[in-house]
Every structure is written in C-alpha cells, then in structure tokens.
Amino acid sequence: MSEHHPGEDVRLRTAAVVGTGLIGTSVGLALSARGVTTYLLDRDPEVAREAAALGAGRVGRPPHPVDLAVLAMPPSVIPRALLEHQRAGLARYFTDVGSVKVPPQRTAASVGADIGCYVGGHPMAGAERSGPSAARGDLFHDRTWVLTPSERTAPGAVAHALELVRLCGADPVLMDAAEHDRTVALTSHAPHLLASLIAGRLAGADPSRLRLAGAGLRDTTRIALGHPDLWTDILRSNAAPVAEVLREVAGELAVAVAALEWLADPDPAQQDRGEQELHHLLALGVTGRERLPEPARVG
C-alpha cells in the first residue's frame with residue numbers, strides 16, 4: 001500500500017460522470033464546485049437531469065474528449081461501459097468508483113478495453129440512501145479514496161485520477177487490486193451481509209416486540225438499508241474473499257452457540273466453560289473495535 005505514485009502533475013479542466021446516483025452525483029458536485037466543466041450521463045435521462053439541477057454538471061455528452069471520465073456504476077457493469085465509452089471517445093483517461101477491483105479490471109482486459117488509460121478507484125464513502133437526492137459535494141472530504149493501478153496503467157491515468165481525488169477532498173491510497181478486494185471483504189462487504197442477516201430476523205417479528213428495539217440494534221443494522229440489487233452485484237463480484245471472512249465468522253458463531261448452550265446446562269462445570277468462551281469472544285470484539293481509527297468529521 002502506498003499514498004504516492006510517480007506521475008505528471010495535471011490540471012483537470014473537463015470531466016464526465018457516467019452514472020448519476022449517490023456517488024456519481026457527489027463527484028459531479030465536488031468537481032463543479034472546483035470549476036471543472038462536468039458532463040453527466042445516465043441510462044435514465046431524468047436521473048441525470050435531477051443531478052444537473054442540483055449543480056453536479058450539465059447533461060449530455062461533451063463535444064470533445066474530456067480529461068477524465070468517472071464510471072459510477074455497479075462492478076459488473078464497468079467493463080462493458082469502459083469499452084463502450086472508450087470507443088465513443090468520451091475521455092482521454094478513465095476511472096471508476098466500484099467497490100470491487102479485480103473482476104472489472106480482468107474482464108475489461110478480456111473484452112478489449114484499453115487498460116492503459118484506465119485506473120480502478122474506490123472512494124470509501126457512501127450513505128444508506130441512494131440516488132442524486134442523497135448526494136453531497138463534501139461526501140468525500142477527508143475520506144480514503146483507493147486507486148488500484150496495474151502494471152499496464154499509464155502514468156497519465158494515475159495522475160488524472162489523483163487530481164480527481166484531490167479535487168474531491170479525499171486522501172488517496174494506492175493498493176494492489178487483489179489486496180483491496182480482500183480488505184473490503186473484511187471491512188465492508190461481510191459486515192453488510194451480516195447486518196442484513198440480523199435485520200432479516202426482524203422482518204417477521206411481531207410489531208409489539210420491535211417497540212423494544214434500541215439504538216444498538218439500529219446502529220448494527222443501519223447498513224442493511226443498502227439497495228439489494230447493488231449489493232448482490234458487489235457480493236457476486238467479490239464472492240470468494242467475502243466467503244473466506246464469513247467462514248471464520250461462522251466458526252466463531254458456532255462457538256458462541258455452543259457456549260450459550262453450556263450456560264443453559266444445569267452442570268456448573270458446563271456453565272463455567274460457556275462463560276469463559278463467551279467472555280473470550282466478547283473481549284476479542286472489544287479489542288477489534290478499539291483498533292478502528294476514528295471516522296473523519298465533515299463540516
């Protein structure tokens with residue numbers, strides 16, 4: 001992992017954002033606020049117009065290739081979109097904001113896209129709500145923004161992506177694509193699925209029981225509000241690393257179930273064993289939680 005990369009200093013004057021949901025519109029708002037002429041494209045023209053009305057840029061294709069195009073779409077869609085917009089001459093360089101990096105990069109190369117002018121990207125920011133209305137120009141301020149150049153990535157592509165990150169107020173980190181995918185499996189993708197599983201237990205619960213829900217349950221299940229279509233795409237794209245994390249969690253969950261059963265046993269020896277196992281799991285959770293860095297403050 002590195003926070004620096006050799007490359008030319010550039011000034012981003014024009015950009016295109018393909019996909020004007022939460023992240024794409026937030027990118028457009030940040031760039032437009034910094035004086036970058038930004039063009040907005042979306043398969044739903046009405047969504048692009050909504051983003052433009054918020055100040056994220058202007059709707060439509062640019063008259064000439066822009067300096068950088070940002071592909072803001074689910075991971076599985078990125079390779080074909082990259083090829084399509086490269087052939088149409090949309091931009092000199094391309095990046096994306098998908099949360100999985102290896103499969104899009106590999107597939108893009110296999111379908112004939114020019115990998116040299118493309119660098120994968122992933123801003124570590126988001127929200128439970130989706131769409132342009134949830135976007136903010138300061139969404140990326142002081143957040144980590146990962147870039148995953150390959151050995152085939154041109155220095156100019158990295159330089160333009162780094163300038164994008166700077167203009168959005170984020171902190172760039174360069175990583176190997178496979179390392180990125182393993183990391184977000186642990187820090188983002190597996191936690192999201194676990195939150196969804198816990199929230200799913202509430203779907204059929206009697207409303208009178210849900211009245212007892214406190215802040216802890218709301219905090220634990222907050223991210224379960226993510227769009228199921230998007231998260232199915234993300235989890236499919238990063239299936240093996242996420243499965244590896246969940247396999248370890250499943251092992252510890254089995255220990256927790258056994259410990260609770262021992263605690264319910266009338267045998268004091270079994271109860272002691274269960275208490276020790278649960279205490280170990282809870283203490284491990286405290287240790288892990290304390291290792292997390294403090295979140296960035298916005299505003």
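**Exercise 1. Where does Asp142 sit, and is it buried or exposed?**

Step 1: Start with the location. Asp142 belongs to the loop that links E6 to strand E7 (144-148). Keep in mind that you're looking at a predicted model.

Step 2: Check the backbone. The phi of Asp142 is positive, about 65°, although this residue is not a glycine.

Step 3: Now the accessibility. Buried means under 20% relative accessible area and exposed means over 50%. Asp142 has 46%, so it counts as partly exposed.

**Exercise 2. How many helices and strands does the protein have?** Add a quick overview of the protein while you're at it.

Step 1: Count the elements: there are 11 helices and 8 strands.

Step 2: Look at the overall dimensions. Along the principal axes, the C-alpha atoms fill a box of roughly 80 × 45 × 35 Å.

Step 3: Ask how much is covered up. The protein has 299 residues, and 41% of them count as buried.

Step 4: See how far apart in sequence the contacts reach. Take the contacts between residues at least 6 apart in sequence: 72% of these join residues at least 24 apart.

**Exercise 3. Which residues of H3 are buried, and what covers them?**

Step 1: Find helix H3, which spans residues 78-87. It's mostly covered, with 7 of its 10 residues buried.

Step 2: Name the buried ones: Ile78, Pro79, Ala81, Leu82, Leu83, His85 and Gln86.

Step 3: Look for what covers them. Among the covering elements are the strands E1 (14-18), E2 (37-41), E4 (66-71), E5 (91-96) and E6 (118-123), along with helix H4.

Step 4: Peek past the end of the helix. Gly89 follows H3, and its phi is positive, near 70°.

**Exercise 4. At what angle do H3 and H4 cross, and which residues make the contact?**

Step 1: Recall what you need: two packed helices are described by the angle between their axes and the distance between the axes.

Step 2: Here the axes of H3 and H4 come within 8 Å and cross at roughly 45°. The two helices are therefore oblique to each other.

Step 3: Get the handedness. This crossing of H3 and H4 is right-handed.

Step 4: List the residues. H3 brings Ile78, Pro79 and Leu82, while H4 brings Pro104, Thr107 and Ala108. Sorted by class, the contact of H3 with H4 has 5 nonpolar residues, 1 polar and no charged ones.

**Exercise 5. Which residues of H4 and H6 touch?**

Step 1: The axes of helix H4 (residues 102-110) and H6 cross at roughly 145° and come within 8 Å.

Step 2: On the H4 side you'll find Val102, Pro103 and Gln105, and on the H6 side Ala177, Ala178 and Asp181.

Step 3: Sort these residues: 4 are nonpolar, 1 is polar and 1 is charged.

**Exercise 6. How do H6 and H9 pack?**

Step 1: Helix H6 (residues 177-200) and helix H9 (residues 228-237) have axes 11 Å apart, at an angle of about 125°. That makes H6 oblique to H9.

Step 2: The crossing of H6 and H9 is left-handed.

Step 3: From H6, Ser188, His189, His192 and Leu193 meet Trp231, Ile234 and Leu235 of H9. The contact of H6 with H9 has 4 nonpolar, 3 polar and no charged residues.

**Exercise 7. What do the buried residues of H10 pack against?** Then find out what Glu277 touches.

Step 1: Helix H10 (residues 239-264) has 26 residues and spans 36 Å from its first C-alpha to its last, close to the expected 38 Å.

Step 2: Its buried residues are Pro241, Val242, Val245, Ala256, Ala258, Ala259 and Trp262. They pack against H6, H9 and helix H11 (268-290).

Step 3: Move over to Glu277, which is found in H11. Its relative accessibility is 28%, so Glu277 counts as partly exposed.

Step 4: Leave out residues up to four places away in sequence, and Glu277 touches Val255, Ala259 and Trp262. The C-alpha atoms of Glu277 and Ala258 are 8.9 Å apart, and these residues are 19 residues apart along the chain.

Conventions
Residues are numbered from 1 along each chain as its sequence is written. This is a predicted model: local features need pLDDT of at least 70, side-chain atom pairs count only at pLDDT 80 or more; totals for chains, interfaces and linings use all residues. Side-chain values use heavy atoms; hydrogens and water are left out. Axes are lines fitted to C-alpha atoms, for helices over the stretch in contact, and angles run from 0 to 180 degrees between N-to-C directions. Helices (H or I, at least four residues) and strands (E, at least two) are DSSP runs, numbered from the N terminus. Angles under 35 degrees count as roughly parallel, over 145 as roughly antiparallel, 65 to 115 as roughly perpendicular and the rest as oblique. A crossing is left-handed if the near helix is turned anticlockwise from the far one by less than a right angle, and right-handed if clockwise. Contact means heavy atoms within 4.5 Å. Ala, Val, Leu, Ile, Met, Phe, Trp, Tyr, Cys and Pro count as nonpolar, Asp, Glu, Lys and Arg as charged, and the others, Gly among them, as polar. The expected span of a helix is 1.5 Å times one less than its number of residues. Buried means under 20% relative accessible area, exposed over 50%, partly exposed in between (1.4 Å probe, protein chains only).
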